[in-house]
Amino acid sequence: MRICILDGNKLTNRELLHNALAESLSFPNWYGRNLDALYDCLTDFHEEAEIRILHEASLKENLGNYALLLLKVLQEAARANPLIRLTAE
């Protein structure tokens, strides 16, 4: 199982966010580092993965509306792909 930890205290911009996702989930080189590409990669993911959101309030403070859109994409991808589990701490 792959584990991706998204720590809102450390993710201060979109680039850091997408780098963390791409690295921890071993996304392909063509990953477009945007929310559409994230959804595509997650719904096509073929192994179990857990995405943990830490310090959600900080994530929202750092990324603003983009954090809300990110959470929506993660929730939709987890509903579409039963191998993806989303947790918040």
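Start with the salt bridges: this predicted model holds four of them. Side chains of opposite charge can pair when their charged atoms come close, and the stops below let you look at several such pairs.

**Stop 1: Glu-47 and Arg-2**

Select Glu-47 and Arg-2 and show their side chains, which meet in a salt bridge with an N to O distance of 3.3 Å. This pair links distant parts of the chain, with Glu-47 in the loop between H2 and E2 and Arg-2 in strand E1, 45 residues apart. Colour the two by accessibility if your viewer allows. Glu-47 has a relative accessibility of 34% and counts as partly exposed. Arg-2 is also partly exposed, at 27%.

**Stop 2: the network around Glu-50**

Next, pick Glu-50, Arg-52 and Arg-85, which are linked in a network of salt bridges. Which residue of this network is buried? Glu-50 counts as buried, because its relative accessibility is 6% and the cut-off for buried is under 20%. Now draw the distances. Between Arg-52 and Glu-50, the N to O distance is 2.9 Å. Between Glu-50 and Arg-85, the closest N and O atoms are 2.6 Å apart. That second pair joins distant parts of the chain: Glu-50 sits in strand E2 and Arg-85 in strand E3, 35 residues away in sequence. Both arginine partners are partly exposed, Arg-52 with a relative accessible area of 23% and Arg-85 with 44%.

**Stop 3: helix H4**

Select residues 65-80 to bring up helix H4. How far apart are the end C-alpha atoms of this helix? They are 23 Å apart, which agrees with the 22 Å that its 16 residues should span at 1.5 Å a residue.

Within H4, highlight Tyr-66, Ala-67, Leu-70, Leu-71, Val-73, Leu-74, Ala-77 and Ala-78, which are buried. These residues cover an arc of only 160° around the axis, so they lie on the same side of H4. Look down the helix axis to view this arrangement. Then turn to the face of H4 directed away from the buried side, where you will find the exposed residues Asn-65 and Arg-79.

What do the buried residues of H4 pack against? Add these elements to your view one at a time:

- the strands E1 (2-7), E2 (49-54) and E3 (84-88);
- the helices H1 (14-25), H2 (35-43) and H3 (56-63).

**Stop 4: Gly-64, just before H4**

Step back one residue to Gly-64, in the loop between H3 and H4. Gly-64 counts as partly exposed, with 31% relative accessibility. Measure from its C-alpha to that of Asn-13: the two residues are 51 apart in sequence and 9.7 Å apart in space.

**Stop 5: a nonpolar patch**

Switch on a surface and select Met-1, Ile-3 and Ile-5. Together they make a nonpolar surface patch of about 290 Å². Of these residues, take Ile-3 as your point of reference: it belongs to strand E1 and is partly exposed, with a relative accessible area of 39%.

**Stop 6: two positive phi angles**

Finish with the backbone. Most residues other than glycine have a negative phi, and most peptide bonds are trans. With that in mind, go to Arg-33, where phi is positive, near 55°. Arg-33 is found in the loop between H1 and H2 and is partly exposed, at 40% relative accessible area.

Where is His-55, the other residue to visit here? Look in the loop between E2 and H3. The phi of His-55 is near 55°, again a positive value in a residue other than glycine. At 39% relative accessibility, His-55 counts as partly exposed.

Show the surroundings of His-55 before you leave. Leaving aside neighbours within four places in sequence, His-55 is in contact with Asp-7, Gly-8, Asn-9 and Glu-89. For a further distance to draw, try His-55 to Glu-15: these residues are 40 apart in sequence and, C-alpha to C-alpha, 18 Å apart in space.

Notes. Residues numbered from 1 in each chain as written. Predicted model: local features only at pLDDT ≥ 70, side-chain atom pairs only at ≥ 80, totals over all residues. Heavy atoms only, no water. Helix = DSSP H or I, 4+ residues; strand = E, 2+ residues; numbered from the N terminus. Expected span 1.5 Å × (residues − 1). Buried < 20%, exposed > 50% of the residue type's maximum accessible area, 1.4 Å probe, protein only. Arc of directions from axis to C-beta. Contact = heavy atoms within 4.5 Å. Patch = residues over 30% accessible without salt bridge, like charges linked within 9 Å, V, L, I, M, F, W, Y side chains within 5 Å. Areas by Shrake-Rupley, 256 points an atom, 1.4 Å probe, with all protein chains shown as cover. Salt bridge = Lys/Arg side-chain N within 4 Å of Asp/Glu carboxyl O.
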